[in-house]
Amino acid sequence: MTASERIDAMVRDGLAPFLKTFGFRRRGNSFARKFTHGFDVFGLQKSPWGNQRATSFTVNLGICWPRAQAILGRPVDKMPFTKSHCTVFRRNGCVMRERRDFWWNVRGDTPLDSIQLDLLERIDRYVIPWFDWTHDIDHSLQLTREYQLTDFIAALEKVQEELTQHDERRVAQ
């Protein structure tokens with residue numbers, strides 16, 4: 001079995017069932033789940049420089065705010081599974097203790113149990129709480145401002161305004 005095939009098996013047999021417990025649906029090496037105002041997107045990315053004996057992978061994280069995407073002229077009409085549909089995005093290492101890009105290395109003879117356990121523990125400890133934290137529009141805006149993505153900031157500010165007006169109307173009733 002090649003290193004890439006071993007990663008696929010780990011996704012199928014370990015990662016997919018684990019993420020399913022958090023409500024994620026799978027498409028290939030990408031996963032998504034719905035939250036009140038949008039979607040969480042989780043994508044496992046294999047290195048393009050790998051070969052049959054060795055490769056590596058990382059994880060891309062994204063938050064899709066469909067209303068913001070519509071404001072940007074990029075409407076989302078179904079559950080998104082790619083970063084291109086996301087309004088907020090990060091690499092997994094940015095939300096973990098390393099605070100830098102992080103890749104797992106896999107060789108054809110690497111025991112995957114330890115890699116899978118490390119991946120699942122990091123998802124549980126860092127990724128899921130990060131997703132939950134970014135469901136707050138203020139937090140998503142904060143992250144987008146860090147990257148100075150002007151169009152995304154403007155779209156999220158509009159969504160924030162709409163949500164505030166909606167909440168104010170609900171309280172007034």
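This section describes the fold, the packing of two helices, the aromatic pairs and several individual residues of the structure.

The model is a predicted one. The protein contains six helices and six strands. Read along the sequence, these elements follow the pattern α-β-β-β-β-α-β-α-β-α-α-α. The C-alpha trace spans about 60 × 30 × 30 Å along its principal axes. Of the 173 residues, 47% count as buried. Among contacts between residues at least 6 apart in sequence, 62% join residues at least 24 apart.

Helix α4 comprises residues 112-134, and helix α5 comprises residues 137-146. The axes of these two helices come within 6 Å and cross at roughly 105 degrees. Angles of 65 to 115 degrees count as roughly perpendicular, so α4 is roughly perpendicular to α5. On the side of α4, the contact is made by Trp130, Trp133 and Thr134; α5 contributes His139, Ser140, Gln142 and Leu143. Sorted by class, the contact has three nonpolar and four polar residues, and no charged residues.

Two of the α5 residues in this contact, Ser140 and Leu143, illustrate the surroundings of the helix. Ser140 has a relative accessibility of 0% and therefore counts as buried. When residues up to four places away in sequence are left aside, Ser140 touches Ile63, Trp65, Val88, Thr134 and Leu156. Leu143, also placed in helix α5, is buried as well, with a relative accessible area of 7%. Because buried means under 20% relative accessible area, both values fall within that class. With residues up to four places away again not counted, Leu143 touches Val88, Arg90, Trp130, Trp133 and Thr134. Leu143 and Val88 are 55 residues apart in sequence, whereas their C-alpha atoms are 7.0 Å apart in space.

Leu156, one of the residues touched by Ser140, belongs to helix α6. At 0% relative accessibility, Leu156 counts as buried. Not counting residues up to four places away in sequence, Leu156 touches Trp65, Ala68, Thr87, Val88, Ile137, Ser140, Leu141 and Thr144. By contrast, Asn51 is separated from Leu156 by 41 Å between C-alpha atoms, and the two residues lie 105 residues apart along the chain.

The aromatic residues were examined next. A pair of aromatic rings is described by the distance of the centres and the angle of the planes. The count comes to eight aromatic pairs. In one of them, the rings of Phe31 and Phe42 have centres 5.9 Å apart and planes at 75 degrees; the pair is therefore edge-to-face, since planes over 60 degrees apart count as such. This pair links distant parts of the chain, as Phe31 lies in strand β2 (residues 30-35) and Phe42 in strand β3 (residues 38-46), eleven residues apart. Both partners are buried: Phe31 has a relative accessibility of 1%, and Phe42 one of 0%. The rings of Phe102 and Trp104 form another edge-to-face pair, with centres 4.8 Å apart and planes at 80 degrees. Phe102 and Trp104 are both buried. In addition, ring pairs link Phe24, Trp130 and Phe131 into a cluster. Trp130 of this cluster is also one of the α4 residues in the contact with α5.

Charged side chains are also found over aromatic rings. The charged end of Arg122 sits over the ring of Phe102, 4.3 Å from the ring centre. Phe102 thus appears in two arrangements, being paired with the ring of Trp104 and covered by the charge of Arg122. In a second case, Arg90 lies over the face of Tyr147, at 3.8 Å from the centre of the ring. Arg90 is also among the residues that Leu143 touches.

The backbone at Gln148 was considered last. Most residues other than glycine have a negative phi. Gln148, although not a glycine, has a positive phi of about 55 degrees. This residue is found in the loop between α5 and α6 (150-172). With a relative accessibility of 65%, Gln148 counts as exposed, because the exposed class begins over 50%. In this respect Gln148 contrasts with Leu143, which is buried in helix α5, and with Leu156, which is buried in helix α6.

Methods: Residues are numbered from 1 along each chain as its sequence is written. This is a predicted model: local features need pLDDT of at least 70, side-chain atom pairs count only at pLDDT 80 or more; totals for chains, interfaces and linings use all residues. Side-chain values use heavy atoms; hydrogens and water are left out. Axes are lines fitted to C-alpha atoms, for helices over the stretch in contact, and angles run from 0 to 180 degrees between N-to-C directions. Helices (H or I, at least four residues) and strands (E, at least two) are DSSP runs, numbered from the N terminus. Angles under 35 degrees count as roughly parallel, over 145 as roughly antiparallel, 65 to 115 as roughly perpendicular and the rest as oblique. Contact means heavy atoms within 4.5 Å. Ala, Val, Leu, Ile, Met, Phe, Trp, Tyr, Cys and Pro count as nonpolar, Asp, Glu, Lys and Arg as charged, and the others, Gly among them, as polar. Rings of Phe, Tyr and Trp (its six-membered ring) pair if their centres lie within 6.5 Å; planes under 30 degrees apart count as stacked, over 60 as edge-to-face and the rest as tilted. Buried means under 20% relative accessible area, exposed over 50%, partly exposed in between (1.4 Å probe, protein chains only). A charge sits over a ring if NZ of Lys or CZ of Arg is within 6 Å of the ring centre and within 35 degrees of the ring normal.
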